[in-house]
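The exercises below concern one protein chain. Work each task with the coordinates open, then compare with the solution.

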Amino acid sequence: MPAFEMNFDGLVGPTHNYGGLSYGNVASQSNSQACSNPREAALQGLAKMKALMEMGFKQGVLAPQERPDVAALRSLGFAGSDAEVISRAAREAMPLLAACMSASSMWTANSCTVSPSADTADGRVHFTAANLNCKFHRSIEHPTTSRVLAAMFADPQHFAHHAALPAVSQFGDEGAANHTRFCKSYGEPGVEFFVFGRSAFDSRFPAPQRYPARQTLEASQAVARLHGLSEEGVVYAQQTPAVIDQGVFHNDVIAVGNGEVLFYHQDAFLHTEPMLVELQEKLARRGGNFQAICVPREAVAVEDAVKSYLFNSQLLSRTDGSMLLIVPEECRSNARVWTYLQQLTSGSGPIREIKVFDLKQSMQNGGGPACLRLRVALKEHELAAVNPGVIMTPALYDTLTAWVHKHYRDRLNDSDLADPQLLVECRTALDELTRILKLGAVYPFQLT
Ligand code: SUG
C-alpha cells in the first residue's frame, strides 16, 4: 500500500517576537529584544511550504496558537479585563508577558511525537503532545496543540491521541525534535530512534553542566509505551552532554535522519558505535539497509553546526530514491559548512542535492527548517482521513498569503507587546483562520 511522509509546517503566529526566552538556545538569547517582523516570518514559512509542495512533496499546515495567552496570565494572578491583565503584566512582569506572547508553537517539530501505524500495536497513527515543560512559554502550548491535532487527525479509526506527559522535569518531553524514524519505506515497520539529554531517575547517565537537558530518557520510554512500540522497533541514545552545553538544545540541531539514512555530527551522541550497530541490526531485521553519514568535527565544528543549523535540515526522499537536503541560508554563508555540503553532494552517497531557504525570522529564535515541520508518515487511506482543510494546495497558499497580509504587523518591538489591540488583532485573525483551515473551535477564546 502506498505511503508517504507528510510535513506539517507551523504557520508563524502574528505575535512572532524575540523574547530571549530559551536559556540554552544561543540564537534566542543573542537576539533577545530585537525588533521582529511577524509578517515576513509568516511569509518565509509559507514560501518553504509552497516550494516543497511544488517539488511534489506532501505538505500540510499546522495552525498557530492564541497569543497573548490571557488565561495563562490570569493563572499567575493578573486580574481584570483582558486589557487590564495585559497592561498590568507589562508594568509588573514583562518577562511573563513576553512568554505569554511567544509564537513558539511555530516550531511544530516540538508539538508532539508521532508513530506511524506500521510501528504501533493497534495499527493506528499515534500522537503524544509534548509537555515542553523546560520553558514556561512552551509549556503552555500543549492544550491547544492537542485540540488542533485532534481537529486535523480526527478519525479514531486511524488516529490515536495521547495527552502530554506529567508536567514535571522528570518527564521533560520536546516531541519529534528528539525522535527520528528509520525505515525501508514509509508504510513498512520501522525503527524509532529516541534521543534524550539526561535520565531523571538513573544517576549513571551523565548530564550537561551549563545548559538544561530538555528531554529525559523516562519521557522517551513513556512515549514508546503509549504508542505501543515493540522493543525490536526502538533504539534509545543519549546526546553528548558537552554538546548541549554548546547550544545543542534538541537533537535535531546535531542530527537528522530519514528512510535508511542518519546524517549526524561526530560529537552528537554518547557511545556512538554500539548505537549504530543497534540501529543497523534492528533496521536489517525490518528489511532495511542502515546508512550512517558522519560529519567529522575537523570538517564542521559543533560551533559551526549550531550557528549554521546544518543538521536542522529536512532530509527528503525523492521518487528516484536519492535524497534532498533543505537547509537554511545560514549554511551558505558559513564557508566551512558550504564547502562540506558541496563535497557531500558531489560524492556517491544518498544526499544528492541541497536547497537553500531564507528563514531568518525563525532562525533568529533558534528554529530552522526542521524545527518548523512535523513529519507524519501516512498510508494512502490515512492520508484520505486527514482534515483536507490543512493540506497545502496552490489555492490554500494564496488564501493564507492574503490572510497574512491582511492581519499581520510588519514589526513588533518590546513596547508593542503591551498593546491590548494586538490581542484583538490576533483573535480576529485566528477566528478567520479556523474557518480557512476548517478546524472548528480550537482556541480558548472560541471555547468560552
Ligand atoms: O524551544 N525557541 C525555540 C526553538 C525551537 C526549535 N525547535 C527545534 N529544534 N525542533 C525553543 O528554544 C525562542 C523564543 C524567544 O526567545 O522568543 C524559542 O522558544
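**Exercise 1.** Which residues on the other side of α13 are exposed?

*Solution.* The model is predicted: local features require pLDDT of at least 70, side-chain atom pairs count only at pLDDT 80 or more, and totals for chains, interfaces and linings use all residues. Residues are numbered from 1 along each chain as its sequence is written, and side-chain values use heavy atoms, with hydrogens and water left out.

Step 1. Apply the cut-offs: buried is under 20% relative accessible area, exposed is over 50%, and partly exposed lies in between (1.4 Å probe, protein chains only). Helices (H or I, at least four residues) and strands (E, at least two) are DSSP runs, numbered from the N terminus.

Step 2. Ala335, Gln343 and Ser346 are the exposed residues on that side of α13.

Step 3. Val337, Tyr340, Leu341, Leu344 and Thr345 are the buried residues of α13. Viewed down the helix axis they fall within an arc of 125° (taken from the directions from the axis to the C-beta atoms), so they line one face of α13. As a general rule, an α-helix has 3.6 residues a turn, so residues three or four places apart point the same way.

Step 4. The cover over these buried residues includes β10 (261-265), β11 (291-295) and β14 (351-357).

**Exercise 2.** Check the length of α13 and find what caps its N-terminal end.

*Solution.* Step 1. The expected span is 1.5 Å times one less than the number of residues. For the twelve residues 335-346 this gives 16 Å, and the end C-alpha atoms lie 17 Å apart, which agrees.

Step 2. The cap is Asn334, with a side-chain oxygen 3.1 Å from the backbone nitrogen of Arg336.

**Exercise 3.** Describe the surroundings of Gln314, then the sheet that holds its strand.

*Solution.* Step 1. Gln314 belongs to strand β12 (residues 314-317) and is buried, with a relative accessible area of 0%.

Step 2. Its side chain makes a polar contact with the side chain of Lys48 at 2.5 Å. A polar contact is a pair of N or O atoms within 3.5 Å; within protein, one must be able to donate a hydrogen and the other to accept it, and residues adjacent in sequence count only if both atoms are side-chain atoms.

Step 3. With contact taken as heavy atoms within 4.5 Å, and residues up to four places away in sequence not counted, Gln314 touches residues including Asn7, Leu52, Ile326 and Arg373.

Step 4. The open sheet has three strands in the order β12-β13-β14, with mixed pairing; strands pair if DSSP finds at least two bridges between them. β12 and β14 are the edge strands, each pairing on one side only.

Step 5. Four bridges pair β12 with β13 in the antiparallel sense, and Leu316 stands opposite Leu324 in β13. Helix α13 packs on this sheet, touching β13 and β14, at about 145° to β14. Such angles run from 0 to 180 degrees between N-to-C directions, with axes fitted to C-alpha atoms, for helices over the stretch in contact.

**Exercise 4.** How many residues of β4 are buried, and which way do they point?

*Solution.* Step 1. In β4 (residues 125-129), five of its five residues are buried.

Step 2. Val125, Phe127 and Ala129 point one way, His126 and Thr128 the other.

Step 3. β4 pairs antiparallel with β3 (residues 112-115) over four bridges, and Val114 has Phe127 as its bridge partner. Four bridges also join β4 to β5 (residues 159-162), in parallel, where His126 has Ala160 as its partner.
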